[in-house]
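Please look over the protein below. A short report on selected local features comes after it.

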Amino acid sequence: MATEHLSPLDLAFWRIESATHPMHLGALAVFEAAPPGPDADPAGGPGADAAVRAAELLTARCTAVPGLRRRIHDVLLPIGAAAWSSDEGFDPARHVFLVHTDDPEAAAGPLMARPLDRARPPWEAHVLAGPDPRSFAVLFKFHHALADGLGALALAAMLFDEGPPVRGPARPVPAPQPPGSALRNLPGVLAARVQDVGQALEIGASVARAGLPLGVPAALTAAGPARTGTRAVAGLALQLDDVNRIRKVAGGTVNDVLIALVAGALRRWLVGRGDPEPEGPGPRALIPVSRRRPGGAAKYGNRLSGYLLRLPLDEPDPLLRLDRVRSGMDRNKEAGPARGAGAVALLADHVHPLGHRLGGPLVAQAARLLFDVLVTSVPLPSFTFSLGGSRVREVYPLAPLARGHALAVAVSTYQGTVHYGLVADAAAVPDLADLAEALRAELAEFVREVS
C-alpha cells in the first residue's frame, strides 16, 4: 500500500506546535441530560448517569472510526516528511476521559492548554460531569493536522447517535499512473509549477504590504503581557434571529454581522478595562476560508485559505462599523481566497518537508507578524445531535491560539442560536468573561439601532 504522507499544510500544523502552543482545535458541546434509566443510582442524578453513559458510548464507538485510529509518524523520505499509519495498539481509554468538575467551562481552559500525545492518534474527548444534574458537557480536541473545522465535525458526528447522514472524511486514494505518464505529463507539471511560484510570490508580496501592526491595542498583540501557555475558555450564546434582523436592515451577510459584533465587542471591552480610545488601523483579523467544494465529503486534513481584515475598532457607530467590515470583506471576496495576505496558508504548499521540520519554530514565531486575532466560523448541520439519548443543547467551537497571540474567536450557528467560543491566554486576558459580556451588550446595541 502506498504511504499516505501529510499534505504540506497538515505538516506545517504538525511542525509548528510546541508544548506551550498546542495546535489542536476543539468544541465544547453542552448536553441536556436524558432521563436516567431504570437501573440508575437515584443519588447520582440524571446528569451524572448520562455523563457516565456518554463516556462509555464514546469509548465503544471510537474504535469503529478509522480516522480516529490513525497516528502520525516521521518517514525517511522525503526528508522531513511525516505520514499516517494505523495505531495497532489503539486504546480508547487513552483518548476518552470522564472528568468530574464544579465548572465544566472553567475546566475546559486547562484541558485546551494540554497538548495531545503526539505518539498516539491526535484527538481526545473529555466528558465533563458538573454539579448540574440536568446537563453535562463534552470537550472534543482534534489536532489541526488531523482535520480542519469541517473535518473535525465529520469525525465527531460519527460518535453521536444515529441521525441524518453526515458525510465523513474521505481517505485520499492515489490514482494509479500508467507507464510513461510522468514523462508525458512533464510539460503540464512544469507549467503548473511556474504558476504556483507566481502565486506564492504574489501572496508573499501581499503579506509584506500588510505590514506590521500599527496602533493595535497591546492586549491583542505580543506587546502585551507575557504569553504563558495557559488557557481560558468562555462561551456565549446569542439569538440568530437578532443577527438576521440586523442583516436585513443594515445589509451585508450573516458573517459580516458576526465579525462586526466581534469588532464592536473588542472596542467595548478594551475601553471598559481602561485602555485608550482605539485610534488608527485596527487589529488584523485572519478569517479562515474553506477551500472544500460545497456539498462534498469532508476530507482528512486541511483545505484552507484565508482573508485578512482590519477590524474597525476606531469607529464608535455600530452601523458604520458593519459597513466598513462589509466593504473589507467584499474586497477580499473580489480578490478571492487564493490571493492576498490572508492566503498565507497556501504558502505551505511551496515548502519542502525539510523546510517545515527546520523552519516550524520560526513560522510559529512569525504568526504574530501576520495577524493579530483569529476570527473563524464553523458551519454546523441543522439537525440535532445527541449522545446516548442526551441532546446537544449548545456547541462552542474553540480555535487554537498561535504563538504571540492572546485571543482567538470561533463562531458557529446551531439550532437557531449563534455560539461564540473564546480562547485566550489566561494570564494575558484574565477578564475573558468580560469580553463575552461585551459581545452580548454589542448585539443589544445593534438591535436597538435597527429597531
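The report covers two loops and one helix pair.

This is a predicted model, in which local features need pLDDT of at least 70, side-chain atom pairs count only at pLDDT 80 or more, and totals for chains, interfaces and linings use all residues. Residues are numbered from 1 along each chain as its sequence is written, and side-chain values use heavy atoms, without hydrogens and water.

**Loops**

Leu 76 sits in the loop between strand E3 (70-74) and strand E4 (82-86). Strands are DSSP runs of at least two residues (E), helices of at least four (H or I), numbered from the N terminus. Pro 78 is in the loop between E3 and E4. The Leu 77 to Pro 78 peptide bond is cis, with omega near -10°. Leu 76, Leu 77 and Ile 79 make a nonpolar surface patch of about 380 Å². Such patches join nonpolar side chains within 5 Å, from residues with over 30% relative accessible area and no salt bridge (Lys or Arg side-chain nitrogen within 4 Å of an Asp or Glu carboxyl oxygen).

Gln 415 lies between strand E14 (407-414) and strand E15 (417-425), in a loop. Gln 415 is not glycine, yet its phi is positive, near 55°.

Exposed means over 50% relative accessible area, buried under 20%, partly exposed in between (1.4 Å probe, protein chains only).

| Residue | Relative accessible area | Class |
|---|---|---|
| Leu 76 | 78% | exposed |
| Gln 415 | 38% | partly exposed |

**Helix pair**

The axes of helix H8 (residues 254-272) and helix H11 (residues 432-450) come within 8 Å and cross at roughly 120°. H8 and H11 are therefore oblique to each other; oblique covers angles outside under 35 degrees (roughly parallel), over 145 (roughly antiparallel) and 65 to 115 (roughly perpendicular).

Terms used:
Patch = residues over 30% accessible without salt bridge, like charges linked within 9 Å, V, L, I, M, F, W, Y side chains within 5 Å. Areas by Shrake-Rupley, 256 points an atom, 1.4 Å probe, with all protein chains shown as cover. Axes fitted to C-alpha atoms, helices over the stretch in contact; angles between N-to-C directions.
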